[in-house]
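Work through the exercises below with the coordinates open beside you, and try each task before reading its solution.

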Amino acid sequence: MPNTQVEAIANCSIRRLTPADLDRVVEIDREISGQSRRGFFVNRLAASRNEPGGFISLAYIENGVVEGHALAHMLDGEFGIRKRVAVLDAIGTSQSARGHGGARAMIKELQLAARSSGAHALRTQALWSNESIMHFLATAGFRLGTRIVLDRPCAKKPGEMRPGDAEADVSLDLARDPISVRSMTFADLPSVIGLDRGITGQDRSVYLKHKVDEALRKNGVRLSMLAEIDETPAGFIMARVDYGEFGETEAEAVLDTIGVDSEFQRQNVATSLLAQLLSQLSSLRVERVRTVVEWNNTSLIAFLARSGFKPTQNLTFALPL
């Protein structure tokens, strides 16, 4: 990565974040948000070291001192995307460095790094009422995205059934349904790749192998599950638990992939997968799960709405590369 020089003030540069920068980055972020997200930065710096091609972590330096940070991760197939994109998770500068052009310079460096990694766009989310970040994104060239952010509580809603529930009507007990849902293994990978190819029309074997590998290596908290009917793979779901994306201060799950084979449509496969996911997330004490859906994917939006998802207060933004 080039050592970008910032023209607004002398003795400034941008470099990769290192573990030695952690305390300073947490301090700057706490100054901005009023809360500590140390766990988020610890996880992201570790992920950047373990998988440098999947993350971009930048430090803005003034006179030898870290005065800002920017963190992004790469998406290769999550949320149905068909081209690689970079996602800006966090950006900020210290109060003393405001107005020096550091944040703008980090966005430019992110663009270069993302483009060199094969990304075609830089995306992010922001709370619509956060006027300062809205203004910054607009001046940096971002435009309102075409995707909507939905979420729901992981806890059961009144009348909602989960695997193992019987209550009054045993016919509603998902555990008695011919659908079985279990954690994926590497042995399932060929079946999952075949399912996904039939659903999307694409070969996403590299992406899917990477996600299953993440789950089995326990790189953070990732859940990958397979649904079967009569021992035949019928669908799959993938999610992860993150701590601090887009300014969040609590652990939140992210549903990034769900698919059902056309042969098993309308047999409650997706419902069973989601129910099992929510049950496991609840057991992990994760309070909410969110996802991102293209505005015109009406069938998926309708399914998620029936499953208790609702629009959040976040808007999506995109910057073409």
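**Exercise 1: Surface and overall fold**

State the area that the protein exposes and the share of it that carbon and sulfur atoms supply.

Solution. In this predicted model, the protein exposes about 15,500 Å², and carbon and sulfur atoms supply 51% of that area. Turning from the surface to burial, 48% of the 321 residues count as buried. The secondary structure comprises eight helices and 12 strands. Finally, among contacts with a separation of 6 or more, 68% are accounted for by residues 24 or more positions apart.

**Exercise 2: The second largest pocket**

Describe the second largest pocket by its volume, and then by the residues that line it.

Solution. The volume of the second largest pocket is about 880 Å³. Its lining consists of 34 residues, and those nearest its centre are Ile32, Ile91, Asn130, Ser132 and Ile133. Two or more lining residues come from each of α1 (22-33), β4 (85-93), α3 (102-116), β5 (121-127) and α4 (131-139). Sorted by character, the lining of this pocket holds 12 nonpolar, 16 polar and six charged residues.

**Exercise 3: The setting of Ala114**

Decide whether Ala114 is buried or exposed, and list residues that Ala114 touches beyond four places away in sequence.

Solution. Begin by placing Ala114 in helix α3. Its relative accessibility is 0%, and therefore Ala114 counts as buried, the cut-off being under 20%. Leaving out residues up to four places away in sequence, Ala114 touches Ile56, Met74, Ala86, Ala119 and Leu321. As a last step, take the C-alpha distance from Ala114 to Phe55, which is 9.2 Å, although 59 residues separate the two in sequence.

How values were computed: Residues numbered from 1 in each chain as written. Predicted model: local features only at pLDDT ≥ 70, side-chain atom pairs only at ≥ 80, totals over all residues. Heavy atoms only, no water. Helix = DSSP H or I, 4+ residues; strand = E, 2+ residues; numbered from the N terminus. Buried < 20%, exposed > 50% of the residue type's maximum accessible area, 1.4 Å probe, protein only. Contact = heavy atoms within 4.5 Å. Areas by Shrake-Rupley, 256 points an atom, 1.4 Å probe, with all protein chains shown as cover. 1 Å grid on protein atoms, 1.4 Å probe; cavity = no way out; pocket = protein on both sides within 12 Å on 5 of 7 lines; lining within 4 Å. Points joined across faces, edges and corners; volume = space filled by probe spheres on them. Nonpolar A, V, L, I, M, F, W, Y, C, P; charged D, E, K, R; others polar.
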